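Welcome! Below are a few exercises to work through with the model open beside you, each followed by a worked solution.

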Amino acid sequence: NIVLVAGNTAFRVYRGLLSAHSTVFSDMFEASSPMDGETLEGCPVVRLSGSAQHLAHLLKILIPKDTM
């Protein structure tokens, strides 16, 4: 229910999963309102400065294989 964009790649992920595993994401989501900015297909967009490859690696670690 959130879209993370790194470079030219967008990842649609469940924000609860990110919040549960990362205080950085948890604090970021608490500090902002979903209606504050850009959306993609109804989901808020968060633009990140890292590479898409690094973000994909992080998401592979966080997302259990049985949900893919």
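The accessible surface of the protein comes to about 4800 Å², and 56% of it belongs to carbon and sulfur atoms; such areas come from the Shrake-Rupley method with a 1.4 Å probe, and for residues only the protein chains shown count as cover. Before starting, note that this is a predicted model, in which local features need pLDDT of at least 70 and side-chain atom pairs count only at pLDDT 80 or more, while totals for chains, interfaces and linings use all residues. Residues are numbered from 1 along each chain as its sequence is written, and side-chain values use heavy atoms, with hydrogens and water left out.

**Exercise 1. Find the helices and strands, and write down their pattern along the sequence.**

Step 1: Helices (H or I, at least four residues) and strands (E, at least two) are DSSP runs, numbered from the N terminus. The protein has three helices and four strands.

Step 2: Reading along the sequence gives β-β-α-α-β-β-α.

**Exercise 2. Work out the strand order in the sheet and say which strands stand at the edges.**

Step 1: Two strands pair if DSSP finds at least two bridges between them. E1 (2-6) and E2 (9-13) are antiparallel, with five bridges. In their hairpin, which has two residues between the strands, Gly-7 takes a positive phi near 65 degrees.

Step 2: E1 is also joined to E4, this time running parallel, by four bridges. Ala-6 of E1 is a useful marker: it stands opposite Thr-9 in E2 and opposite Leu-48 in E4.

Step 3: E4 (residues 43-48) pairs with E3 over two bridges in the antiparallel sense. Here Leu-40 has Cys-43 of E4 as its bridge partner.

Step 4: Put together, the open sheet has the order E2-E1-E4-E3, with mixed pairing. E2 and E3 (39-40) are at the edges with a single partner strand each, so one side of each has no neighbour in the sheet.

Step 5: H3 packs on this sheet and touches E1, E2 and E4, its direction making about 20 degrees with that of E2. Such angles run from 0 to 180 degrees between N-to-C directions, and the axes are lines fitted to C-alpha atoms, for helices over the stretch in contact.

**Exercise 3. Is E1 enclosed or left open, and which way do its residues point?**

Step 1: Buried means under 20% relative accessible area, exposed over 50%, and partly exposed in between (1.4 Å probe, protein chains only). Five of the five residues of E1 are buried, so the strand is largely enclosed by the rest of the structure.

Step 2: Ile-2, Leu-4 and Ala-6 point one way, while Val-3 and Val-5 point the other way.

**Exercise 4. Describe the largest nonpolar core and the contacts of Leu-18.**

Step 1: A nonpolar core is a set of buried Ala, Val, Leu, Ile, Met, Phe, Trp, Tyr and Cys residues joined through side-chain atoms within 4.5 Å. The largest one has 13 residues, and Leu-4, Val-13 and Leu-18 have the most contacts inside it.

Step 2: E1, E2, H2 (23-31) and H3 (52-62) each give two or more residues to this core. H3 gives the most, with four.

Step 3: Contact means heavy atoms within 4.5 Å. Leaving aside residues up to four places away in sequence, Leu-18 touches Ile-2, Leu-4, Val-13, Phe-25, Phe-29, Leu-59 and Leu-62.
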